[in-house]
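Let's take a walk through this protein together. Have a look at the sequence and the model first, and then we'll go piece by piece.

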Amino acid sequence: MITELALLRLLPGSAPAFERAFASVAPLLAEADGCLRHRLVPTLDRPDVYLLEVVWRDLAAHTQGFEPSDAHARFMAPLEPMLSDDPIVVHVPAGERS
């Protein structure tokens, strides 16, 4: 398992609309082959920055399966207009929670 961490920087004041848009497209992510779970959380430091955490079966499920898919394009379409910049995405080993 691996964890994708995506830092999403929003246009000022767009957080409520972003949360609504994310809720409408979250099933596309949840139903993606290899997606085990996800969560979207606002940061405490900056009101227009969110962290998307997605646990994938493996890196290929995300980078070769979901990323190039039509589902990913449909997932991102309503979100991108509210982003102030490209997401910062990293992948880390999924570890046991303590």
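Is D85 buried, exposed or partly exposed? Keep in mind that this is a predicted model. D85 has a relative accessible area of 43%, and because buried means under 20% and exposed means over 50%, with partly exposed in between, D85 counts as partly exposed. Its side chain meets that of R9 in a salt bridge, 3.7 Å from N to O. This pair links distant parts of the chain: D85 sits in the loop between α3 and β4, while R9 belongs to strand β1, 76 residues apart. Unlike its partner, R9 is buried, at 19% relative accessible area.

Now for the sheet. Four strands make up an open sheet, in the order β2-β3-β1-β4, and they pair in the antiparallel sense. At the edges you'll find β2 (35-42) and β4 (88-93); each has a single partner strand, so one side of each is left without a neighbour in the sheet. On average, neighbouring strands are turned by 15° against each other, direction ignored. Zoom in on β2 and β3 (residues 49-56), and you can follow seven bridges between them. One residue to look for is H38, whose bridge partner in β3 is V54.

Two helices pack on this sheet. Helix α1 (residues 15-30) touches β1, β2 and β3, and its direction makes about 175° with that of β2. Helix α2 (residues 59-66) touches β1, β3 and β4, with its direction at about 145° to that of β4.

What about the inside? In soluble globular proteins, nonpolar side chains tend to be buried together. Here, the largest nonpolar core has 26 residues, and F18, L29, L52, W56, F75 and L79 have the most contacts inside it. The elements giving two or more residues to this core are β1, α1, β3, α2 and α3 (70-76). Helix α1 provides the largest share, eight residues. Try clicking on F75: its contacts include F22, L29, L52 and F66.

Back to the charged side chains, where the count comes to five salt bridges. R57 forms one with D33, their closest N and O atoms being 3.4 Å apart. R57 lies in the loop between β3 and α2 and D33 in the loop between α1 and β2, so the pair ties together parts that are 24 residues apart in sequence. D33 and R57 are also linked with D58 in a network of salt bridges. Another salt bridge joins the side chains of R74 and D70, at 2.9 Å from N to O. Both lie in helix α3, four residues apart, which is about one turn of the helix.

Definitions and conventions:
Residues are numbered from 1 along each chain as its sequence is written. This is a predicted model: local features need pLDDT of at least 70, side-chain atom pairs count only at pLDDT 80 or more; totals for chains, interfaces and linings use all residues. Side-chain values use heavy atoms; hydrogens and water are left out. Two strands pair if DSSP finds at least two bridges between them. Axes are lines fitted to C-alpha atoms, for helices over the stretch in contact, and angles run from 0 to 180 degrees between N-to-C directions. Contact means heavy atoms within 4.5 Å. A nonpolar core is a set of buried Ala, Val, Leu, Ile, Met, Phe, Trp, Tyr and Cys residues joined through side-chain atoms within 4.5 Å. Buried means under 20% relative accessible area, exposed over 50%, partly exposed in between (1.4 Å probe, protein chains only). A salt bridge is a side-chain nitrogen of Lys or Arg within 4 Å of a carboxyl oxygen of Asp or Glu. Lists of a residue's contacts leave out its neighbours within four places in sequence.
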